[in-house]
Amino acid sequence: MDREVFDGILRTWLKGIEGASPTVQQVRPSKRELALRREEAEILTRLLDSRTKMLQFVKVDSAAGFIVLIDTDPLSDAFDTDACLRYIEAFQRLREHGLLVNHSGDGQVFHLSAEGRGGAKQIRGKCLGCGRSMMNVGTDSAEPLVWECNNPRCIDSTWHRDTVCSTCGKRPAEITSGGLNFTNFLCEDGHAFKTTPKR
Ligand SMILES: [Zn+2]
Ligand SMILES: [Zn+2]
């Protein structure tokens, strides 16, 4: 191989590496790249709507060891270890993605970063299940907003949010079909079952 051809190949190869490496734009946290889970979306939007704009990460004497609070309200029951762990993990992920900041450096009091506020505004009022806009059905202006999805084809909507599989009791994973007064689902474990919509 002569030198010129080799250099040509080398340049193409280096360009390929440059193209493949993440740019600043790509690593910046955003809704899509973080692939927000339910608890993460809840933390972001509740914090955006909160009175104090303050999240607290507090050590407690329970199996989970810590609890996450917004406006000094715990997001989960301290003795519901599964729920506590989901919120702790959600909090850690948001923190790692730079969506939460701890200005005081005490590791306890957190606020939304500029990116966190931007992300929260993007998803605020949008259903995680179907992406459609939700309605605020809260009546007490002192309390956090209460968002409800009203899309009958969405498993997270007000119609189906309490629905569980008649075989195993797990949540539906998808809606396979439906009509005026019934909906067909597949659960997380693949069982087919049917319910009638309810409110
Ligand atoms: Zn929905
Ligand atoms: Zn099932």
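**Two zinc sites and a helix crossing**

The zinc ion (ligand 1) is coordinated by the SG atoms of Cys 127, Cys 130, Cys 149 and Cys 154, at 2.2 to 2.4 Å. This is a predicted model, and the zinc ion (ligand 2) has as its protein donors Cys 165 (SG), Cys 168 (SG), Cys 187 (SG) and His 191 (ND1). The chain has 199 residues, and its secondary structure comprises six helices and 10 strands.

**Zinc ion (ligand 1)**

- The four donor atoms around the zinc ion (ligand 1) subtend angles of 103 to 116°, and the arrangement is tetrahedral because four donors count as such if all angles lie between 85 and 135 degrees.
- Along the sequence, the donor residues of the zinc ion (ligand 1) follow the spacing C-x2-C-x18-C-x4-C.
- Cys 127 has a relative accessibility of 5% and therefore counts as buried, whereas Cys 130, at 31% relative accessibility, counts as partly exposed.

**Zinc ion (ligand 2)**

- The donor atoms of Cys 165, Cys 168, Cys 187 and His 191 lie 2.0 to 2.4 Å from the zinc ion (ligand 2), with SG as the donor atom of each cysteine and ND1 as that of the histidine.
- Around the zinc ion (ligand 2), the four donor atoms subtend angles of 102 to 113°, so this arrangement is tetrahedral.
- For comparison, the ideal angle for four tetrahedral donors at a metal is 109.5 degrees.
- The donor residues of the zinc ion (ligand 2) are spaced C-x2-C-x18-C-x3-H in sequence.
- Cys 165 counts as buried because its relative accessibility is 4%, while Cys 168, with a relative accessible area of 30%, is partly exposed.

**Crossing of helices H4 and H5**

- Helix H4, which covers residues 38-49, and helix H5, which covers residues 81-96, have axes that come within 9 Å and cross at roughly 70°.
- H4 and H5 are therefore roughly perpendicular to each other, since angles of 65 to 115 degrees count as such.
- The crossing in which H4 passes H5 is right-handed.
- On the H4 side, the contact is made by Glu 39, Glu 40, Glu 42, Ile 43 and Leu 44, and these residues meet Arg 86, Tyr 87, Ala 90, Phe 91, Arg 93 and Leu 94 of H5.

**The chain as a whole**

- Of the 199 residues in the chain, 32% count as buried.
- When contacts in the chain between residues at least 6 apart in sequence are considered, 34% of them join residues that are at least 24 apart.

Terms used
Residues are numbered from 1 along each chain as its sequence is written. Chains are lettered from A and ligands numbered from 1 in the order in which they are written. This is a predicted model: local features need pLDDT of at least 70, side-chain atom pairs count only at pLDDT 80 or more; totals for chains, interfaces and linings use all residues. Side-chain values use heavy atoms; hydrogens and water are left out. Donors are N, O and S atoms within 2.8 Å of the metal (3.2 Å for Na, K and Ca); water is not among the atoms, so sites may look incomplete. Four donors count as tetrahedral if all angles lie between 85 and 135 degrees; four count as square planar and six as octahedral if opposite donors are over 155 degrees apart and all others between 65 and 115; anything else is irregular. Buried means under 20% relative accessible area, exposed over 50%, partly exposed in between (1.4 Å probe, protein chains only). Axes are lines fitted to C-alpha atoms, for helices over the stretch in contact, and angles run from 0 to 180 degrees between N-to-C directions. Helices (H or I, at least four residues) and strands (E, at least two) are DSSP runs, numbered from the N terminus. Angles under 35 degrees count as roughly parallel, over 145 as roughly antiparallel, 65 to 115 as roughly perpendicular and the rest as oblique. A crossing is left-handed if the near helix is turned anticlockwise from the far one by less than a right angle, and right-handed if clockwise. Contact means heavy atoms within 4.5 Å.
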